[in-house]
Every structure is written in structure tokens, then in C-alpha cells.
Amino acid sequence: QVHVMESGGASVQPGGSLRLSCAASGYTDRHCVGWFRQAPGKSREAVAAINTGTSTTYYDDSVKGRLTISQDNAKNTVYLQMNGLKPEDTAVYYCAASANWCGIRGPSLLREDVYNYWGQGTQVTVSS
């Protein structure tokens, strides 16, 4: 049974940094992990994703250079380091994980239909 849980959301000032964590348990093979966000009144959008077997990453153009996705296999955790935060980054951030084997790479990593398991979300608020 796969479980996914996010943590690390907080309120920060513009220009600040946060690191979100996504702990995924129950895997026996490489899988893909994506970070998505949903701002009030907007649709959910993908921001970054990683294939934990190949360490291939992909980012939405809107966050390139500010957000970095990484993995710690020993802890079964994927991180989203967010720097230079802007008010428009305010959203609930969701971590999602694929089925037990994932061969996806490139822009397809940002597709929601790649992911089978979703966390509850963690709130990030950027405001002065």
C-alpha cells in the first residue's frame, strides 16, 4: 500500500524560501513524484516532477530557476526547494506519486494522469 504525505508549508515574505517534503512509502521499484499546486479560484497545475529511478527532472517554465526538485532515496523523500518566492506562488501544494514502476521522462512527467497517489496538500502563503 502506497502512502504519500507532504509537509513544510508555511507563510513567508516575498523573496523568502521554503523546502517542502514528500514522503512516499510502500514502493519496491522506481516511481515518479510530482509537485502540483492549486491557487484559490484556479485549476491545479504541475510545477515540477522527478523520476526517482533515473533522477530525471522536469519543471514548468513558470518556476524554472526558482524551484528545485530533489530526492533522498534513503529517506524515500522528495523535496521541493522554493527560492525567491512571489505572492503568486501562494497555493496549496500537492505531492503525487505514480504506480510502483515509472518509465516516464521529459514533459510527460508533469501530466496528472501519470500519478495514482496524492497527498492531502500543504499550504504555502507568500505575503508581506
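1. Let's start with a definition: a charge sits over a ring if NZ of Lys or CZ of Arg is within 6 Å of the ring centre and within 35 degrees of the ring normal. Keep that in mind while you look at Arg44 in this predicted model. Its charged end sits over the ring of Trp118, at 3.9 Å from the ring centre. Arg19 gives you another case: its charged end sits over the ring of Tyr79, 4.0 Å from the centre.

2. Now stay with Trp118 and look at its aromatic company. Two aromatic pairs turn up in the structure. Why is the pair of Phe36 and Tyr115 called edge-to-face? The ring centres are 5.6 Å apart and the planes stand at 80 degrees; planes over 60 degrees apart count as edge-to-face, so this pair gets that label. Along the chain these partners are distant, 79 residues apart: Phe36 belongs to strand β4 (residues 32-38) and Tyr115 to strand β10 (residues 115-118).

3. Phe36 also pairs with Trp118, and this pair is tilted, with 4.9 Å from centre to centre and 50 degrees between the planes. Here too, distant parts of the chain are linked: Phe36 in strand β4 and Trp118 in strand β10 are 82 residues apart. Put together, Phe36, Tyr115 and Trp118 make one aromatic cluster.

4. Buried or partly exposed: what are the cluster members? Phe36 has a relative accessible area of 1%, so it is buried. Tyr115 counts as buried as well, at 6% relative accessibility. Trp118 has a relative accessible area of 27% and is partly exposed, because buried means under 20% and exposed means over 50%.

5. Have a look at Arg66 next. You'll find it in the loop between β6 (56-59) and β7 (67-72). Despite being in a loop, Arg66 counts as buried, at 13% relative accessibility. Which residues is Arg66 in contact with, leaving aside its neighbours within four places in sequence? They are Gln81, Met82, Asn83, Gly84, Leu85, Lys86 and Asp89.

6. Finally, check a couple of backbone angles. Ser55 is not a glycine, yet its phi is positive, at about 65 degrees. Ser55 lies in the loop between β5 (45-51) and β6, and is partly exposed with a relative accessible area of 45%.

7. Asn76 is worth a look for its backbone too: its phi is near 50 degrees, a positive value in a residue other than glycine. Asn76 is in the loop between β7 and β8 (77-82). With a relative accessible area of 48%, Asn76 is partly exposed.

Terms used. Residues numbered from 1 in each chain as written. Predicted model: local features only at pLDDT ≥ 70, side-chain atom pairs only at ≥ 80, totals over all residues. Heavy atoms only, no water. Phe/Tyr/Trp six-rings, centres within 6.5 Å; stacked < 30°, edge-to-face > 60°. Helix = DSSP H or I, 4+ residues; strand = E, 2+ residues; numbered from the N terminus. Buried < 20%, exposed > 50% of the residue type's maximum accessible area, 1.4 Å probe, protein only. Contact = heavy atoms within 4.5 Å.
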